[in-house]
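Trainee: I've never looked at this one before. Could you take me through it and tell me how each label is earned?

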Amino acid sequence: MPRILIIEDDTDINNATAQYLRRQGCSCVQAFSGTEGRLLWREGGFDLLLVDLMLPGLSGGELVAEVRKTSQIPVIVLSARTELSDKVELLGLGADDYLTKPYQLEELWARILVQLRHASAAPAGEMLRFREWELNLDEMALTAAGQPVGLTAHEFRIVELLVRWPKRVFTKQQIYEAVWGEAYAVEDKTITVHVSNIRAKLRPSGTDGYIQTVWGIGFKLAEARA
């Protein structure tokens, strides 16, 4: 479960963002000033920061600059300022992304998923493993029960997402936004078709049952039976 610190002085925006992200399965901590945000960030344990640019006490730009002195945690800046110079300045200070207000929560979530995926990317040569699966992230190759499985790029990313968080249930929207990196705006069956194709390719290895359908919600990995 990603733990996100929301630093936004507008109470309505802060609460609406936190409520939405909690529905996506995140743990959210809310701060309403730059000073409060800095104190909470120093306590640690966060996976990503959402930082408003215009904050009382300590500005968003000052906070981002301070964070970058000691940490590479993903930072997304939120601001009503639309000037290109503002975006360039914030990215130069170390922000990973910049979203202009007013924004759609679905777009914010898509950008968060991209940053979380980048932050959790495995070092070169590292493998991900789940039961009889082995994923080579450099080569985007999956081996299941010793057999190579030919997946498309999107199919591989779906499997990678599930393996990174093996106990989590992902909705179709969450899978799409994490894998495609954009807001969910496709037919509901798109993810179902991709998962069906993955299972078909896994069937010869006997591991197609690893991907479990959670009816009415989405998909997760099936834990090994005791």
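Trainee: How much area does the chain expose, and what share of it do carbon and sulfur atoms supply?

Mentor: The chain exposes about 11,100 Å², and 51% of that comes from carbon and sulfur atoms. Keep in mind that this is a predicted model.

Trainee: And how much of the chain counts as buried?

Mentor: Of its 226 residues, 47% count as buried. The secondary structure comes to eight helices and twelve strands.

Trainee: What makes a set of residues a nonpolar core?

Mentor: The members must be buried residues of certain kinds, Leu, Ile and Trp among them, joined through side-chain atoms within 4.5 Å. The largest such core here has 46 residues, and L21, L50, I112, W133 and I211 have the most contacts inside it. Helix α6, residues 153–164, gives the most to this core, with six residues. Apart from it lies another core of 20 residues, including L40, L63, V75 and Y98.

Trainee: Which residues does W133 touch, leaving out those up to four places away in sequence?

Mentor: Among them are L128, L142, V159, V163, Y210 and I211.

Trainee: Back to α6: how do you know whether it is mostly covered or not?

Mentor: Count its buried residues: nine of the twelve are buried, so α6 is mostly covered. E155, F156 and I158 are among those nine, and so is R164.

Trainee: What span is expected for α6, and how far does it reach?

Mentor: At 1.5 Å a residue, 16 Å is expected. From first C-alpha to last, α6 reaches 16 Å, close to that expectation.

Trainee: Why is R131 called partly exposed?

Mentor: Buried means under 20% relative accessible area and exposed means over 50%. R131 has 43%, which lies in between, so it is partly exposed. R131 sits in the loop between β6 (127–130) and β7 (133–136), and it has a positive phi of about 50° although it is not a glycine.

Trainee: Why does A145 get the label partly exposed?

Mentor: Its relative accessible area is 30%, between the 20% and 50% cut-offs, so A145 is partly exposed. A145 has a positive phi of about 50° too, without being a glycine. You'll find A145 in the loop between β8 (141–144) and β9 (147–149).

Trainee: Which peptide bond is cis, and what is its omega?

Mentor: The one from K101 to P102, with omega near -5°. P102 is in the loop between β5 (97–100) and α5 (105–119).

Methods:
Residues numbered from 1 in each chain as written. Predicted model: local features only at pLDDT ≥ 70, side-chain atom pairs only at ≥ 80, totals over all residues. Heavy atoms only, no water. Buried < 20%, exposed > 50% of the residue type's maximum accessible area, 1.4 Å probe, protein only. Helix = DSSP H or I, 4+ residues; strand = E, 2+ residues; numbered from the N terminus. Contact = heavy atoms within 4.5 Å. Expected span 1.5 Å × (residues − 1). Areas by Shrake-Rupley, 256 points an atom, 1.4 Å probe, with all protein chains shown as cover.
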